[in-house]
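Colleague: I am new to reading protein models, and I would like a close look at one part of this one. Could you walk me through a single sheet slowly, and then show me how the rest is laid out around it?

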Amino acid sequence: MTLNAILVEDEEQSRAILKNYLTKYCPKVNIIGEAADINQGLELIRTLDLDLVFLDVEMPYGNAFDLLDKVGDRDFETIFVTAYNNYAMDALNAHASYYLMKPIDIDELIKAVDYVSEIKTKEDALQDQVLIPKTNNVEGKITIPQQDGFEVLNTKDILYCKADDNYTEIYLNNNKKKVVSKTLKYFEDALTPSGFARVHKSYLINVGEVVKYIKGKGGSVVLSNGKEIMVSASKKSDLLSYFK
C-alpha cells in the first residue's frame with residue numbers, strides 16, 4: 001500500500017537525506033509535503049490527507065510535542081526522527097509508531113516504514129468488515145437523577161451522550177436535550193450493556209442509531225439525525241466489532 005507522508009524537519013540537509021533514503025529504499029512512501037517548523041507542519045497536517053508524518057523533535061516555534069498537542073486526535077501515524085535519545089519516553093506517550101535516531105540507519109528506516117504499513121493494512125482490513133448498521137431496537141430504561149427525584153428514559157430514545165466536564169448532555173431522538181450532573185463514565189457503565197459504545201473521550205453513542213461510518217485513522221460515524229461524531233483511533237476497533 002502507498003503511505004502519503006510529510007517530513008517535518010527544520011534542517012534542510014537532514015530533510016534532504018531522509019527524502020533521498022525514502023525515495024531509494026521505501027517506495028511505498030509517497031512524500032506529499034515538507035515543513036521546516038511546527039507552524040508549517042500544522043498547516044500541512046490540516047490540509048493534506050496523510051497516513052504518516054516523519055517528525056523531528058527540536059524545531060523553531062516549539063517542538064514536536066507542541067505540534068501534536070495542537071493537532072489533537074489525529075488520523076495519521078508518526079515516526080520520530082531525532083538526534084536526541086532522551087525523548088523516547090515522551091514519544092511513546094505521544095503514541096508514536098517508531099523512534100529513529102540520527103544518523104539514520106537505512107535498515108531501521110525500512111523497518112519503521114514496514115511497521116506503519118502493517119498498521120495501516122490492518123486498519124483498512126478492519127474497516128472493510130463494516131456492514132449495514134443493525135436495525136433491531138434495544139430494550140431497557142435508564143433513570144436520570146433530578147433535584148426532586150428522577151426521570152425515566154427509554155434507552156432506545158437516546159441518540160448519544162456528550163461529556164461536559166462533570167456533566168453529561170443527553171441528546172434524544174425527539175430533538176430534546178437533557179443535562180445531567182453525572183460524568184460520561186457513569187453513563188458508559190450504565191448504557192454499554194444496552195448497545196451503546198464510547199467512541200471518543202467526549203462521546204457515547206447509541207450504536208443502533210449509526211447510519212454511516214466514514215473511514216479514517218479513527219474515522220467518524222453519522223447518526224440517524226445527521227449528527228457526525230469523530231471516533232478516536234483507540235476506540236475504533238470496539239466500535240467496528242458491532243458491525244462484523
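Modeller: Happy to help; what follows starts with the whole chain, goes on to one small sheet, and then visits some other places.

Please keep in mind that this is a predicted model. The average pLDDT of the protein is 85, and 92% of the residues score at least 70. One stretch calls for caution: over residues 127-138 the pLDDT is below 50, although this stretch has 24 contacts in the model beyond near neighbours in sequence.

Now step back and look at the whole. The protein has 244 residues, and 44% of them count as buried. Its secondary structure comes to seven helices and 17 strands. The C-alpha trace spans about 65 × 35 × 25 Å along its principal axes. The accessible surface comes to about 13,000 Å², and carbon and sulfur atoms account for 47% of it. If you take the contacts between residues at least 6 apart in sequence, 52% of them join residues at least 24 apart.

Let us turn to the small sheet. Three strands form this open sheet, in the order 15-16-17, and their pairing is antiparallel. Strand 15 and strand 17 are the edge strands, each pairing on one side only. Neighbouring strands are turned by 25° against each other on average, if direction is ignored. As a general point, the strands of a sheet pair through backbone hydrogen bonds, either parallel or antiparallel.

Strand 16 covers residues 220-223. Is it covered on one face or on both? Both faces are covered: Ser 220 and Val 222 are buried on one side, and Val 221 and Leu 223 are buried on the other.

Next, follow the pairing of strand 16 with each partner. Strand 15 spans residues 210-214 and pairs with strand 16 in the antiparallel sense over four bridges. Within this pair, Val 210 stands opposite Leu 223, and Lys 212 stands opposite Val 222. Strand 15 and strand 16 make a hairpin with five residues between the strands, where Gly 219 takes a positive phi near 80°.

On to the other partner. Strand 17 (residues 228-230) is joined to strand 16 by three bridges, and the two run antiparallel. Here Val 221 stands opposite Ile 229. Strand 16 and strand 17 also form a hairpin, with four residues between them, and Gly 226 in the turn has a positive phi of about 90°.

For a contrast in pairing, look at another sheet. This open sheet has five strands in the order 2-1-3-6-7, with parallel pairing. Its edge strands are strand 2 (29-35) and strand 7 (98-101), each of which pairs on one side only. The twist averages 20° from one strand to the next. Inside the sheet, strand 3 (residues 52-55) and strand 6 (residues 77-82) run parallel and are joined by four bridges. In that pair, Val 53 stands opposite Thr 78.

Helices pack on this sheet as well. Helix 1 (residues 12-25) touches strand 1 (3-8), strand 2, strand 3 and strand 6, and its direction makes about 170° with that of strand 2. Helix 3 (residues 64-71) touches strand 1, strand 3 and strand 6, and its direction makes about 165° with that of strand 6.

Finally, here are two single residues to find on your screen. Thr 168 sits in strand 11 (residues 167-172). This threonine, Thr 168, counts as buried because its relative accessibility is 0%, and buried means under 20%. The side chain of Thr 168 reaches the backbone oxygen of Lys 182 at 2.7 Å. A polar atom of that side chain of Thr 168 also lies 3.4 Å from the backbone oxygen of Thr 183. Leaving aside neighbours within four places in sequence, Thr 168 is in contact with several residues, including Cys 161, Val 179, Leu 184 and Phe 187.

The other residue, Gln 146, is in strand 8 (residues 141-146). With a relative accessible area of 38%, Gln 146 is partly exposed. The C-alpha atoms of Gln 146 and Val 179 are separated by 9.8 Å, and these residues are 33 apart along the chain.

Conventions:
Residues are numbered from 1 along each chain as its sequence is written. Side-chain values use heavy atoms; hydrogens and water are left out. Two strands pair if DSSP finds at least two bridges between them. Axes are lines fitted to C-alpha atoms, for helices over the stretch in contact, and angles run from 0 to 180 degrees between N-to-C directions. Contact means heavy atoms within 4.5 Å. Buried means under 20% relative accessible area, exposed over 50%, partly exposed in between (1.4 Å probe, protein chains only). A polar contact is a pair of N or O atoms within 3.5 Å; within protein, one must be able to donate a hydrogen and the other to accept it, and residues adjacent in sequence count only if both atoms are side-chain atoms. Accessible areas come from the Shrake-Rupley method with a 1.4 Å probe; for residues, only the protein chains shown count as cover. pLDDT is the predictor's confidence in each residue, from 0 to 100.
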